[in-house]
Amino acid sequence: MTTDPGATQDEGARQTPVYYYSSTSGLVRTFAERLDRPVRNLAERQHRLSEVDGPWVLLTPSYKTGNPANDTIPEGVRRFLRSPVNRRALVGVMGSGNRNFGTHYQMACREIAARSGRPVLFEFELAGTPWDVARCREILADLDRALAGAHASTVAG
Ligand SMILES: Cc1cc2nc3c(=O)[nH]c(=O)nc-3n(C[C@H](O)[C@H](O)[C@H](O)COP(=O)(O)O)c2cc1C
């Protein structure tokens, strides 16, 4: 299925899905799978070519390669963001990086946030620590509640 709806929590708020890219080293996937919410890997063609059915969050690593002109945004992320539907519904960006990359730290996450005008919600290194996972869960739960509130006030006029 390409457009799974976000699952619904007990209190009724939609769980904002996280679309992430993870390479074969799988550090971001390890983190994403601990978030206890719908997550989709943009390394998989079916997800990369899909369109979202509502607000979503991007989680991306940065990949700077040897050539200084090379971009750090993974191709799967780029492809997914080519869809205007996906671009419009993006509500925030999270990044995994490695501080050893200095000025390129979190470049993909920060560049997408700057270009799209969406906030950076959370950043961590590699697969994150247990604290990172717990903090990220809280941030996403707050976001779910904020989006449910915004939807309710829109419906109420
Ligand atoms: C070749 C290579 C280039 C990288 N470039 C950057 C970079 O420019 N900035 C950064 O913050 N992290 C960089 N990283 C770190 C990765 O973004 C980080 O380890 C991430 O957790 C990898 O996720 P993945 O294993 O799911 O693909 C790089 C890692 C590799 C192997």
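**Strand 4, its partners and the ligand shell**

Strand 4, helix 5 (residues 107-116) and strand 5 form a β-α-β unit of right-handed sense. The model described here is predicted. Its protein chain contains 6 helices and 5 strands, and the order of these elements from the N terminus is β-α-β-α-β-α-α-β-α-β-α. Of the 157 residues in the protein chain, 42% count as buried.

Strand 4 spans residues 90-97, and 7 of its 8 residues are buried; the strand is therefore largely enclosed by the rest of the structure. Two pairings of this strand can be described. With strand 3 (residues 56-61), strand 4 runs parallel, and the two are joined by 6 bridges. Within this pairing, Trp-56 has Leu-90 of strand 4 as its bridge partner. With strand 5 (residues 120-125), the pairing of strand 4 is likewise in the parallel sense, here over 5 bridges. Two residue pairs illustrate this second pairing: Val-93 is bridged to Val-120 of strand 5, and Gly-97 is bridged to Glu-125 of strand 5. In a regular strand, side chains alternate between the two faces of the sheet.

Strand 4 also takes part in the surroundings of the ligand. Both helix 1 (27-32) and strand 4 supply at least two residues each to the shell around the ligand. The ligand has 19 residues around it, of which Ser-22, Ser-23, Ser-25, Tyr-63 and Ser-96 come nearest. Classified by residue type, this shell comprises 7 nonpolar, 11 polar and 1 charged residues.

Polar contacts to the ligand involve both side-chain and backbone atoms of the protein. In the side chain of Ser-22, an N or O atom is 2.5 Å from an oxygen atom of the ligand. A polar backbone atom of Val-28 lies 2.8 Å from an oxygen atom of the ligand. For His-104, the contact is made by a polar backbone atom, which is 2.9 Å from a nitrogen atom of the ligand. The ligand taken alone exposes 650 Å², and the protein buries 84% of that area.

Two further residues have side chains that reach backbone nitrogens elsewhere in the chain. Ser-62 is placed in the loop between strand 3 and helix 3 (75-80). Its relative accessibility is 19%, and because the cut-off for a buried residue is under 20%, Ser-62 counts as buried. From this loop position, the side chain of Ser-62 reaches the backbone nitrogen of Ala-108 at 2.9 Å.

Asn-86 belongs to helix 4 (residues 84-89). With a relative accessible area of 0%, Asn-86 is buried. The side chain of Asn-86 reaches the backbone nitrogen of Val-52, at a distance of 2.9 Å.

In summary, strand 4 is paired in parallel with strand 3 and with strand 5, and strand 4 contributes at least two residues to the ligand shell.

Methods:
Residues are numbered from 1 along each chain as its sequence is written. This is a predicted model: local features need pLDDT of at least 70, side-chain atom pairs count only at pLDDT 80 or more; totals for chains, interfaces and linings use all residues. Side-chain values use heavy atoms; hydrogens and water are left out. Buried means under 20% relative accessible area, exposed over 50%, partly exposed in between (1.4 Å probe, protein chains only). Helices (H or I, at least four residues) and strands (E, at least two) are DSSP runs, numbered from the N terminus. Two strands pair if DSSP finds at least two bridges between them. A crossover is right-handed if, with the strands pointing away from the viewer, the path from the first strand over the helix to the second runs clockwise. A residue is near a molecule or strand if one of its heavy atoms lies within 4 Å of it. A polar contact is a pair of N or O atoms within 3.5 Å; within protein, one must be able to donate a hydrogen and the other to accept it, and residues adjacent in sequence count only if both atoms are side-chain atoms. Accessible areas come from the Shrake-Rupley method with a 1.4 Å probe; for residues, only the protein chains shown count as cover. Ala, Val, Leu, Ile, Met, Phe, Trp, Tyr, Cys and Pro count as nonpolar, Asp, Glu, Lys and Arg as charged, and the others, Gly among them, as polar.
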